[in-house]
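Me: I would like a close look at one part of this model. Please keep it brisk and stay with what the coordinates show.

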Amino acid sequence: MKKKLISAVRKVKISRFRTYKKLGFLGHRQAIDKMAKMTFWTLLGLTTVSLFCLRPSEEVNPISGVIEATEMPDKTLTDTDTIHDELGDDPVQADTDDLLTALEKEVVKGNLSMASYTLEKGEALSTLLKRADIAKEAHPHIIDGFSLLINLRSLQPGMTFMVFSELNGAFKGISLQNKNGEIIAVVKESDEIYTPFSQEGRVNIQNIRITGAIERTFSGSAEKAGLPKALVAKITNALDGEVDFSTFREGDTFDIIFEQKTTAGGLELGDKKILYIGLSIGKKQFHRYNWTDGAGNELFFNPRGQSAEKELLKRPIKGRPRVSSPYGWRNHPVLMARIFHSGVDLAIAKGTPIVAGGDGVITQLGRKGAYGKYIRIRHSNGFQTAYGHMNGYKNGLKVGSKVKRGDVIGYIGQTGRATGPHLHYEVWKNGKTVNPFGDYILIAKQLKGEELDKFQKYAATIHPEFSKHLVGTMAPIPPQKPVFNADNAQKSNIQK
Ligand SMILES: [Zn+2]
């Protein structure tokens, strides 16, 4: 109701604006507005007074005691049309809104051009108009028009204006999609007449689903199926660490849903949003739903409400190391004894960058006996990773530093007890070492309670097979742990 009222009031303002323009009174707009308002209130006041005082035909309803006037004027504050008539404005043309639709259709046909300009941080509308190369004489008209419709101070960085021009560059119009889905615009009708208007419900929101098989590359196949190029990077970023986008096999498939907004005239509006990413790679299924959590972070969650699952890196090195010693028990050729190796040794040239195996916090950094220069990182889900024999640490890192999966933390060396340059890499799960070559999933966030419920209800509206996805996404089965007593092994003859 309030919305309708605002919109109606705006319409009145706009039509009055047009009237003033036509009559050439624009310079006196505010003064005339003031006078008109005063005249209206005075008239309303006089009418009311005359009704109560001068009319003998009033009757008092004996039951309710309410005064029933036989001829109440139908002028009420909410009835903007009446105010509008009162002021003798040029009525709002039903086809005003079609001015913009017409422009958009011409763009689709190729008779006009359209360019988008996004308001930058600290940028005013006037600066954007200059940046968009709009002729100077149009600036005051545009600013005046917009200021009728919105508070210019409420413009925020990131808002995108669509500027319409003739093919020779002459300005035709400018529109802005407001936060609530309403479009406001100023369209040039002639040299003197610039028409501002606003309309809700001009934006069509469509969810587009694209499915297909991956032939050679994911990006190539998805684009061929109709996925906008800009969305490919969003998908690979969202699944970074979970999916290796360079290796697909025959039979792997994708299923993507994205949101597309178009205006009434058929123009696509800027930001397309990925709503769902489905990938079937070998035997693995990935279902990720876009959801903005309570803290305002837009993240991808699996159907159980877990976000940013990322596998710990198996070889956290920028390069292709050789496994010089695997994890587990083995017979030591010199000592003739069974020795437990608590990590894997990854041999590669001295100085090669070592990266964090997953997102986490550094809990140890410094020399540690046979490990030499050593870093330990705590991750989610009870995981920790440790890195030994480093040549040095990345500048600036200290205990408490947060690191992201793939961030450089140091360099290959042979400090401590090491016969050649290599990384001794350990993965710990709940206080015990596990084979670093296992599949370990770190979960960054788990939706719970009411929020989980809301998320799942939403996800079910996005994909028709959500319930199947939910069933198919059981927690990963933990890899078999080697049978050994970690404490004893590490006290006695552990080999680093
Ligand atoms: Zn080792």
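Which elements do the buried residues of α6 pack against?

Reply: This is a predicted model. The buried residues of α6 pack against one helix, α5 (125-131), and against the strands β5 (171-177), β6 (183-188) and β7 (194-199).

Start with the helix itself. α6 covers residues 139-149, and its buried residues are His141, Ile142, Gly145 and Phe146. Viewed down the axis of α6, these buried residues fall within an arc of 120°, so they line one face of the helix.

Now the placement. α6 lies across β5, β6 and β7. Its direction runs at about 30° to that of β7.

Next, the sheet behind those three strands. It is open and has five strands, in the order β3-β4-β5-β6-β7. The pairing is antiparallel. β3 (112-118) and β7 are the edge strands, each pairing on one side only. On average, neighbouring strands of this sheet are turned by 15° against each other, direction ignored. So much for the order; now one pairing in detail. β3 and β4 (residues 160-166) pair in the antiparallel sense over seven bridges. Within this pairing, Ser116 has Met162 in β4 as its bridge partner.

For contrast, turn to another part of the chain, around β24. This strand covers residues 408-412. Four of its five residues are buried, so β24 is largely enclosed by the rest of the structure.

Two of its pairings can be described. β19 (residues 353-355) is joined to β24 by three bridges, and the two strands run antiparallel. There, Pro353 stands opposite Tyr411 in β24. β22 (residues 383-393) also pairs with β24 in the antiparallel sense, over three bridges. Here Tyr393 stands opposite Gly410 in β24.

Tyr393 leads on to one more residue. Gly366 and Tyr393 are 27 residues apart in sequence, and their C-alpha atoms are 8.9 Å apart in space. Gly366 is found in β20 (residues 360-367). Gly366 has 12 other C-beta atoms within 10 Å. A residue counts as exposed at 12 or fewer, so Gly366 is exposed.

Back to the helix, to close. The face of α6 lined by buried residues includes Ile142 and Phe146. The buried residues of α6 pack against α5 as well as β5, β6 and β7, and β7 is an edge strand of the five-strand sheet.

How values were computed: Residues numbered from 1 in each chain as written. Predicted model: local features only at pLDDT ≥ 70, side-chain atom pairs only at ≥ 80, totals over all residues. Buried ≥ 20, exposed ≤ 12 C-beta atoms within 10 Å, placed from the backbone. Arc of directions from axis to C-beta. Contact = placed C-beta atoms within 7 Å. Pairing = 2+ DSSP bridges. Axes fitted to C-alpha atoms, helices over the stretch in contact; angles between N-to-C directions.
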